[in-house]
Amino acid sequence: MARLQESARFALDTLEPDIRLARYWGLNSEPARINVPAGIAVTCGGVAPDWDPLDLAAAVQVRDDTYDLNCPSFHNTPRAGSDVLILRHAEPWRAGTEPAAEAQRLQVQTTLAQGRLFNNGIKPLGPPPGVAVSTNNVAINVYYVSNESSFDASLPSLRRLTLGPNGEFDDQEVIPGVENLQVQLGVDTDRDGDVDRYVDGNHPLVTPGAVGFDPDGQVIAVRVWMLVGNSADDPAWVDERRYTTPDADLGELVAGSADYPATSRRLQISKTIFLNNEGA
């Protein structure tokens, strides 16, 4: 149980700062004022993604219960019934550590009034005389669960695709033992700073173009639920529990079913994380 708690804590400690930073773009947090020039591209597995990594307005996105990206997952073994969490933001820096412009790396330069993405190693905004300017590296992370880990082909793991300095997504293992990831979005529908509803990532409320989409709604929080497991030390151990997920249509995960062996001990954890940065 101590190992389970340690794994769960590490997973949350990785996710939480990434979620809190979503929608942070340096000096200007309004995506509509940040220009994305034509020709800037990132790749995964050497091909262009069939989703838009450069959609800055979509700071937090969730693919509900499925890995439907064309980016290769680890050994092409994404876990069925697990969510995919996509996060976008600029990387903060402390005084004296502002990154230099670097060719191929996706970066953003912002003032209080505007911003611009670039990856050619040339700062697009100057600095203009007398105007505060910030240059930041851009972070895009895609969290998912794989049926395998780098340690054991039979042990699932929490992994992420992270945008590297060459504009290509790299697949990294966060922690082995995570069996399922579920994510719900906390939406403020009346702009009073409080969450009015938690919904799945494919809910019409947060799906542009869907009937019921709320263009004035704003995602201000992310609720993360994970099921963490490992092989029991006791050979007689049998897990007979049913784990209820927060997902509206996924239902229960049953120990002893496919992907959830009864010989594993398990811990389910949940945490609500609020975004630090407000959008329009």
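**Exercise 1. State where D196 lies in this predicted model, and determine whether D196 is buried, partly exposed or exposed.**

Solution. D196 is placed in the loop that runs between β9 (178–188) and β10 (197–200). The relative accessible area of D196 is 35%. Buried requires under 20% and exposed requires over 50%, with partly exposed in between. D196 is therefore partly exposed. This residue also belongs to a negative surface patch, which is formed by D190, D192, D194 and D196.

**Exercise 2. Find how many aromatic pairs the structure holds, and classify the pair of W51 and F169.**

Solution. The search of the whole structure gives 2 aromatic pairs. In the pair formed by W51 and F169, the distance is 5.8 Å centre to centre and the angle between the planes is 45°. Planes under 30 degrees apart count as stacked, those over 60 as edge-to-face, and the rest as tilted. The pair of W51 and F169 is accordingly tilted. Distant parts of the chain are linked here: W51 sits in the loop between β1 (34–35) and β2 (60–63), F169 sits in strand β8 (residues 169–176), and the two are 118 residues apart. Both W51 and F169 are buried.

**Exercise 3. Describe the salt bridge between E16 and K271, and assign each residue to an exposure class.**

Solution. The count of salt bridges is 11. In one of them, the side chains of E16 and K271 meet at 2.7 Å, N to O. E16 belongs to helix α1 (residues 2–21) and K271 to strand β14 (residues 264–274), so that parts 255 residues apart are linked. With a relative accessible area of 13%, E16 is buried. K271, at 32% relative accessibility, counts as partly exposed.

**Exercise 4. Determine which strands are tied together by the salt bridge of R159 and E173.**

Solution. The side chains of R159 and E173 meet at 2.5 Å, N to O. R159 lies in strand β7 (residues 157–163) and E173 in strand β8, so the bridge ties together parts 14 residues apart in sequence. R159 counts as buried because its relative accessibility is 4%, whereas E173 is partly exposed at 21%.

**Exercise 5. Characterise the salt bridge of R242 and E252, and name the residues joined into one network.**

Solution. R242 and E252 form a salt bridge of 2.6 Å, N to O. R242 is in strand β12 (residues 242–244) and E252 in strand β13 (residues 252–254), 10 residues apart. R242 counts as exposed at 52% relative accessibility, and E252 is partly exposed at 39%. Salt bridges with shared partners join E179, D239, R241 and R266 into one network.

Notes. Residues numbered from 1 in each chain as written. Predicted model: local features only at pLDDT ≥ 70, side-chain atom pairs only at ≥ 80, totals over all residues. Heavy atoms only, no water. Patch = residues over 30% accessible without salt bridge, like charges linked within 9 Å, V, L, I, M, F, W, Y side chains within 5 Å. Areas by Shrake-Rupley, 256 points an atom, 1.4 Å probe, with all protein chains shown as cover. Salt bridge = Lys/Arg side-chain N within 4 Å of Asp/Glu carboxyl O. Lys, Arg positive; Asp, Glu negative; His and termini not counted. Charge placed at Lys NZ, Arg CZ, Asp CG, Glu CD. Helix = DSSP H or I, 4+ residues; strand = E, 2+ residues; numbered from the N terminus. Buried < 20%, exposed > 50% of the residue type's maximum accessible area, 1.4 Å probe, protein only. Phe/Tyr/Trp six-rings, centres within 6.5 Å; stacked < 30°, edge-to-face > 60°.
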